[in-house]
Amino acid sequence: MTGKIIDGNAIAERIKKEIRDEIEKLKKKHNGSPCLTAVCIGENPATKVYVKNQKQTCEEVGIEYGMEQLDGKIKEEELLGKINELNKSDRITGIIIQMPVPNHINARKIQMSVAPDKDVEGMTPPNLGNLVYAGINPVVAPCTALSVVECLKSTGVELKGKETVIVGHSEIVGKPVTLMLLSSLLESVTPTVCHIATRDLTSYTKRAEILIVAVGKAGLIKGDMVKDGAIVIDVGINRVNVKDEKGNDVIDEKTGKQKKKTVGDVVFEDAVKRASFITPVPGGVGAVTTVLLLKNVLHLWKMRLGEPDITYKIL
Ligand code: NAP
């Protein structure tokens with residue numbers, strides 16, 4: 001069997017179009033627009049690139065993008081005060097705290113200070129807690145977990161009761177994805193969560209009809225750890241050295257530096273031969289995650305406008 005590739009870029013384009021259309025409609029009706037504000041603490045070249053891309057993606061769908069660039073030496077109390085101001089601003093729909101933050105700042109404390117109705121990342125305790133009640137209250141959920149669900153839904157396979165193994169139990173992926181997949185609106189899978197202390201990981205992965213891997217270790221899931229016909233969702237993003245056929249490192253002729261590539265946690269070339277569906281890395285979960293941040297902004301805006309949220313079908 002050769003697995004069908006779950007095309008994250010195509011899913012992202014479809015969702016982006018839906019978001020753009022809906023924002024356009026709501027802008028006409030309400031004569032306003034949603035606004036995402038990024039809080040950047042200190043200067044970081046990687047964050048600069050990320051923020052630039054985020055701004056561009058927002059503007060493509062009609063979301064205004066604001067940035068609060070704060071001094072890297074800002075005191076935690078002052079930063080909390082700043083976020084409190086943003087929380088109170090009628091103009092701002094959603095707030096995103098750009099990571100990493102300087103060492104003297106408690107990242108979790110800052111993230112939790114964002115008002116739940118402006119929490120586009122779905123990481124505040126009320127929003128994470130609402131996942132337990134999925135199906136009763138519409139919630140904003142962590143974008144990567146939402147992306148996993150979108151990738152699964154794109155296969156069209158009925159999820160009900162499916163033996164599902166989630167490898168990794170972080171707050172942003174493994175835990176929320178498990179809660180979301182237990183939602184009756186998603187036909188409730190039968191989940192098992194594996195982590196660093198799990199004994200004999202293969203015995204779990206081999207029986208998974210749906211295998212979700214979010215660890216951050218290249219090559220963790222080998223082809224023979226995948227059940228024939230499984231749906232494989234690889235969340236991992238790892239930068240590894242490019243090797244030649246003999247296993248030697250390859251040097252980039254232009255830069256003279258070691259050539260690198262991005263891979264997931266699953267050995268794709270082998271797993272694809274067993275899976276029924278599989279996400280590639282790059283071009284899978286990550287591509288969808290980016291647009292789901294926009295969907296969360298739209299969702300928060302609709303709640304603010306008192307609009308029924310018929311587009312938020314995930315939960
Ligand atoms: P994380 O917070 O470091 O969590 C990793 C999880 O993997 C932990 O629960 C850890 O368990 C578990 N783990 C570690 N080694 C293991 C092993 N050998 N066997 C089984 N479980 C093991 O990472 P994260 O933030 O969830 O991110 C995971 C990966 O997803 C990273 O590569 C990250 O870059 C990527 N990611 C991708 C996206 C996307 O949009 N595609 C978004 C976010 C993150 P313990 O806690 O028990 O040690």
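Guide: A polar contact is a pair of N or O atoms within 3.5 Å. With that term in hand, we may turn to the model above, which is predicted: its local features need pLDDT of at least 70, side-chain atom pairs count only at pLDDT 80 or more, and totals for chains, interfaces and linings use all residues. Residues are numbered from 1 along each chain as its sequence is written, and side-chain values use heavy atoms, with hydrogens and water left out.

Visitor: Which backbone atom lies 3.0 Å from an oxygen atom of the ligand?

Guide: That atom is a backbone N or O of I237.

Visitor: And how much of the ligand's accessible area does the protein cover?

Guide: On its own the ligand has 930 Å² of accessible area, of which the protein covers 70%. Such areas come from the Shrake-Rupley method with a 1.4 Å probe.

Visitor: Which side chain has a polar atom 2.9 Å from a nitrogen atom of the ligand?

Guide: It is the side chain of K217. In addition, a polar backbone atom of I196 is found 3.5 Å from a nitrogen atom of the ligand.

Visitor: OK, how many residues are around the ligand, and which come nearest?

Guide: There are 20 residues around the ligand (each with a heavy atom within 4 Å of it). The nearest of them are H169, S170, I196, K217 and T289. K217 and I196 thus appear again: a polar side-chain atom of K217 lies 2.9 Å from a ligand nitrogen, and I196 offers a polar backbone atom at 3.5 Å.

Visitor: How do the residues of that shell divide into nonpolar, polar and charged?

Guide: The shell holds ten nonpolar residues, nine polar ones and one charged one. Here Ala, Val, Leu, Ile, Met, Phe, Trp, Tyr, Cys and Pro count as nonpolar, Asp, Glu, Lys and Arg as charged, and the others, Gly among them, as polar.

Visitor: Which helix gives the most to the shell around the ligand?

Guide: Helix α10, spanning residues 285–305, gives the most, with three residues. Helices (H or I, at least four residues) and strands (E, at least two) are DSSP runs numbered from the N terminus.

Visitor: Switching topic: how many helices and strands does the protein chain have?

Guide: The protein chain has ten helices and eleven strands. Its radius of gyration, taken over C-alpha atoms, is 20 Å, close to the 20 Å that the globule rule (2.2 Å times the number of residues to the power 0.38) gives for 315 residues, so the chain is as compact as a globular protein of that length.

Visitor: What box do the C-alpha atoms fill?

Guide: Taken along the principal axes, the box is roughly 55 × 50 × 35 Å.

Visitor: Now the backbone. Which residues does the cis bond with P100 join, and where is P100?

Guide: The cis peptide bond runs from M99 to P100, with omega near 0 degrees. P100 sits in the loop between β4 (94–97) and α4 (107–112).

Visitor: What about P282: which residue does a cis peptide bond join to it?

Guide: V281 is joined to P282 by a cis peptide bond, with omega about 0 degrees. The loop that holds P282 lies between β11 (277–278) and α10, and α10 is the helix that gives three residues to the shell around the ligand.

Visitor: One more: which residue has a positive phi although it is not a glycine?

Guide: N31 does, with a phi of about 55 degrees. N31 is placed in the loop between α1 (8–30) and β2 (35–41).

Technical notes:
A polar contact is a pair of N or O atoms within 3.5 Å; within protein, one must be able to donate a hydrogen and the other to accept it, and residues adjacent in sequence count only if both atoms are side-chain atoms.
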